[in-house]
Amino acid sequence: MTPAHFAFSSAFMLGLAGLAFHRTHFLSALLCLEGLMLSLFIALSLWALQFDTMNSAALPMILLAFSACEAGAGLALLVATTRTHSNSRLQSLSLLQC
Amino acid sequence: MSYLMYILLFGLVLGLVAVASNPSPYFAALGLVVVAGVGCGVLVGSGGCFLSLILFLIYLGGMLVVFAYSAAMAAEPFPEGWGSWPTLRLMVGYVVGVGFAWGLMGKFWYEEDWLGFDGVVELSVLRGDVGGVSLMYSSGGWLLIGGGWVLLLTLFVVLELTRGLSRGALRAV
């Protein structure tokens, strides 16, 4: 395993752990999700650069566009949660009610 | 130069440790900004200047700015930084986990040359990654149209989520 491969693989695993073991704030979990997308962008870019396959250099751009969509949807959920529960803490999402 | 790349890769992993230990969103957004900057350095060191610029402009300047001012929704009187005990414990745990994984990879470690991809084969007008991204506009034109359609759809998803219909009495946000 090359150092760069280990770096972005462990970055992905750390972001996944941060998302799974979330603590109080919804926005912290969304930021861990953004960290996942960032590690994937770096991974795809390094794939295109280090293996000299420039045809796949468009793939990180498409990933970035779709991760922007996902970030927008996540923030809309954050706004909806703040409107109905008056805060965005994850412990208030426990009553199975809207 | 390879020392600089190693430092940048260390910064990548340590920055995501700082984000994954889930401090208050102010500090997590700061950690993500640092990780994105360091990731841009890694891409520039590997020869991808255009992709690094795209990361800075779109990711940092577009998406993270939105996250930064959404952090105002998580305002609390005593935001928990990286010095508080639960966050520090998680950070130490994650660093130990990464070190453990690195120890597991010991047999398979491969230190290659950090050789840039262009400049050794042929002369050309454009850099490699610029030429690769331009394929998105020529052969991948339908993918571009599909991506634009998905972005328009996401706009309507966001509008519908924040409209809220008849649920939710609070409209202060």
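This briefing walks through helix packing, a salt bridge and the UniProt annotations in a two-chain model. The model is predicted, so please read every value below as computed from it. Helix α1 of chain A is a good place to start: α1(A) packs against α4(B) and also comes within 8 Å of α1(B), axis to axis.

**α1(A) with α4(B)**

- Helix α1 of chain A covers residues 3-20, and its partner α4 of chain B covers residues 85-104; the two pack at about 140°, with axes 11 Å apart.
- An angle of about 140° falls short of the 145 degrees above which helices count as roughly antiparallel, and it lies outside the perpendicular range of 65 to 115; α1(A) and α4(B) are therefore oblique to each other.
- Their crossing is right-handed.
- On the chain A side the contact is made by Phe6(A), Ser10(A), Leu14(A), Ala17(A) and Gly18(A), which meet Tyr94(B), Val98(B), Ala101(B) and Trp102(B) of α4(B).
- By class, that contact holds 7 nonpolar and 2 polar residues, with no charged ones.

**α1(A) with α1(B)**

- The axes of α1(A) and α1(B), the latter spanning residues 2-20 of chain B, come within 8 Å and cross at roughly 5°.
- With an angle under 35 degrees, α1(A) is therefore roughly parallel to α1(B).
- From α1(A), the residues taking part are Pro3(A), Ala4(A), Ala7(A), Phe8(A), Ser10(A), Ala11(A), Leu14(A) and Gly18(A).
- Facing them in α1(B) are Tyr6(B), Leu9(B), Leu12(B), Val13(B), Leu16(B), Val17(B) and Ala20(B).
- This contact divides into 13 nonpolar and 2 polar residues, again with no charged ones.
- Ser10(A), Leu14(A) and Gly18(A) appear in the contact with α4(B) and also in the contact with α1(B).

**Packing within chain A**

- Helices α2(A) and α3(A), the latter spanning residues 59-85, pack at about 175° with their axes 10 Å apart.
- Since that angle is over 145 degrees, α2(A) is roughly antiparallel to α3(A).
- Here the contact has 17 nonpolar, 4 polar and 2 charged residues.

**The salt bridge**

- The count over all chains comes to 1 salt bridge.
- Arg23(A) pairs with Glu80(B), and their closest N and O atoms are 2.4 Å apart.
- The pair crosses between chains: Arg23(A) sits in the loop between α1 and α2 (26-50) of chain A, and Glu80(B) in the loop between α3 (49-70) and α4 of chain B.

**What UniProt lists for chain A**

- An unreviewed UniProt entry places "transmembrane region" at residues 6-22, 29-49 and 61-80 of chain A.
- Residues 6-22 of chain A are 88% helix and 0% strand, and the end C-alpha atoms lie 24 Å apart.
- Residues 61-80 of chain A are 100% helix and 0% strand, with 29 Å between the end C-alpha atoms.

**What UniProt lists for chain B**

- For chain B, the unreviewed entry gives "transmembrane region" at residues 52-75, 87-105 and 141-161.
- Residues 52-75 of chain B are 79% helix and 0% strand, and their end C-alpha atoms lie 32 Å apart.
- Residues 87-105 of chain B are 95% helix and 0% strand, with end C-alpha atoms 27 Å apart.
- UniProt also places "signal peptide" (unreviewed entry) at residues 1-20 of chain B.
- In the model, residues 1-20 of chain B are 95% helix and 0% strand, and the end C-alpha atoms are 29 Å apart.

Terms used. Residues are numbered from 1 along each chain as its sequence is written. Chains are lettered from A and ligands numbered from 1 in the order in which they are written. This is a predicted model: local features need pLDDT of at least 70, side-chain atom pairs count only at pLDDT 80 or more; totals for chains, interfaces and linings use all residues. Side-chain values use heavy atoms; hydrogens and water are left out. Axes are lines fitted to C-alpha atoms, for helices over the stretch in contact, and angles run from 0 to 180 degrees between N-to-C directions. Helices (H or I, at least four residues) and strands (E, at least two) are DSSP runs, numbered from the N terminus. A crossing is left-handed if the near helix is turned anticlockwise from the far one by less than a right angle, and right-handed if clockwise. Contact means heavy atoms within 4.5 Å. Ala, Val, Leu, Ile, Met, Phe, Trp, Tyr, Cys and Pro count as nonpolar, Asp, Glu, Lys and Arg as charged, and the others, Gly among them, as polar. UniProt positions are given in the numbering used here, feature names are shortened, and annotations may be inferred rather than shown by experiment. A salt bridge is a side-chain nitrogen of Lys or Arg within 4 Å of a carboxyl oxygen of Asp or Glu.
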